[in-house]
Amino acid sequence: MTTHTTSEGEVAYDAPGAEKPCKTWYKIIGSLESEAMPLIALHGGPGGGHEYLTPLVDLHEKYETPIIFYDQIGCGKSTHLQEKMGDDSFWTFDLFVKELDNLVDHLKLREKGFYLLGQSWGGMLGSTYASHQPRGLKKLVLVSSPASIPLYMEGCKHLLSQLPQDVRETLEECDRQGDHESEKFQEAALVFNRKHVCRIDPMPEPVQMAFKHLKEDPTSYLTMQGPSEFIVEGTAFKGWEGYKRGHDIQVPTLLINGRYDEVGDACFEPWFWTIPKVKWVTIEGASHMSHWEERERFIHLCGVFLGSTE
């Protein structure tokens, strides 16, 4: 096992409307003093935490890319704000964009430059951030991130229709009753997750950790998204169509999704048509967690892309 330099820290974040001091926790694999440009990893959820993105450490071991993980506000080792449950005016894209800007400035990356990789919600955040054309951003990787929530919802309906009838009926019945907490609902949702979120059984411990984070503090997830992967009710996500700002993303961008991904081609493709400098790869045999399911292929794709001079 390769050993590598690891450091952790916290940066104060004056979160708009938080009404209390906040902090963002981060961890760096490798050294920011090296010549290699670092990659900032944006986790999904919202509220999933950084742990399930640990395969990205392979990029440091194989390509010497320093990796910056952080827990976004509201989860993991960063400040939690459970008192903001349901507060649509607080849990906004802008909250997380400002937090990322704050971290970039704290780590003094503007001059050196940096890459961004966002998975799922992390890619929605990353695309929004990149569309502002921030100083220092050199390349972007969007992994299984919907370009359009309405298209994502259409895709989910189709995927749900392909589930076994008893599972489908359970999910429909629970949804009618507003029951998204019962064991019955959770078991049926797990069938969907095992097909379209992570096809490794049992799920790797760090992936299970993401679900654990969401269960322990679902504040940002419930407020921004809704009660499950296929029910989107939150103001921040409902109707979101990030691809409409795709033309503002001026850095080279790599798109990755999985063949069985809950973020299917129909809701992912608009990125390809709107981002000017773009490459798209769909990984066979993978779903939403291609960085685990086809780890070697995933790391190779990212490593070659980030290392190229195109």
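A salt bridge here is a side-chain nitrogen of Lys or Arg within 4 Å of a carboxyl oxygen of Asp or Glu. The views below come from a predicted model, in which local features need pLDDT of at least 70 and side-chain atom pairs count only at pLDDT 80 or more, while totals for chains, interfaces and linings use all residues. Residues are numbered from 1 along each chain as its sequence is written, and side-chain values use heavy atoms, with hydrogens and water left out.

**View 1. Arginine 259 and its partner aspartate 265.** Let's start with a salt bridge between arginine 259 and aspartate 265, whose closest N and O atoms lie 3.9 Å apart. For accessibility, buried means under 20% relative accessible area, exposed over 50%, and partly exposed in between (1.4 Å probe, protein chains only). Arginine 259 is partly exposed at 41%, and aspartate 265 is also partly exposed, at 30%.

**View 2. Arginine 259 again, now with glutamate 284.** In this salt bridge the closest N and O atoms of glutamate 284 and arginine 259 are 2.5 Å apart. The pair joins distant parts of the chain, 25 residues apart: glutamate 284 sits in the loop between strand 8 (278–283) and helix 10 (290–293), and arginine 259 in the loop between strand 7 (253–258) and helix 9 (265–274). Helices (H or I, at least four residues) and strands (E, at least two) are DSSP runs, numbered from the N terminus. Glutamate 284 is partly exposed, with a relative accessible area of 48%.

**View 3. Lysine 84 and glutamate 19.** Here is another salt bridge to look at, with the closest N and O atoms of lysine 84 and glutamate 19 at 3.7 Å. Its two ends are 65 residues apart: lysine 84 belongs to the loop between strand 4 (67–71) and helix 2 (93–106), glutamate 19 to the loop between strand 1 (6–13) and strand 2 (22–29). Lysine 84 is buried, at 8% relative accessibility, whereas glutamate 19 is exposed, at 75%. Asp87 joins Glu19 and Lys84 in a network of salt bridges. If you would like the overall tally, the count comes to 15 salt bridges.

**View 4. Threonine 274 in helix 9.** This last close-up moves to threonine 274, a residue of helix 9. Threonine 274 is partly exposed, with a relative accessible area of 22%. Leaving out residues up to four places away in sequence, threonine 274 touches Tyr243, Gly246 and His247, where contact means heavy atoms within 4.5 Å. From threonine 274 to glycine 307 the C-alpha to C-alpha distance is 24 Å, with their positions 33 residues apart in sequence.
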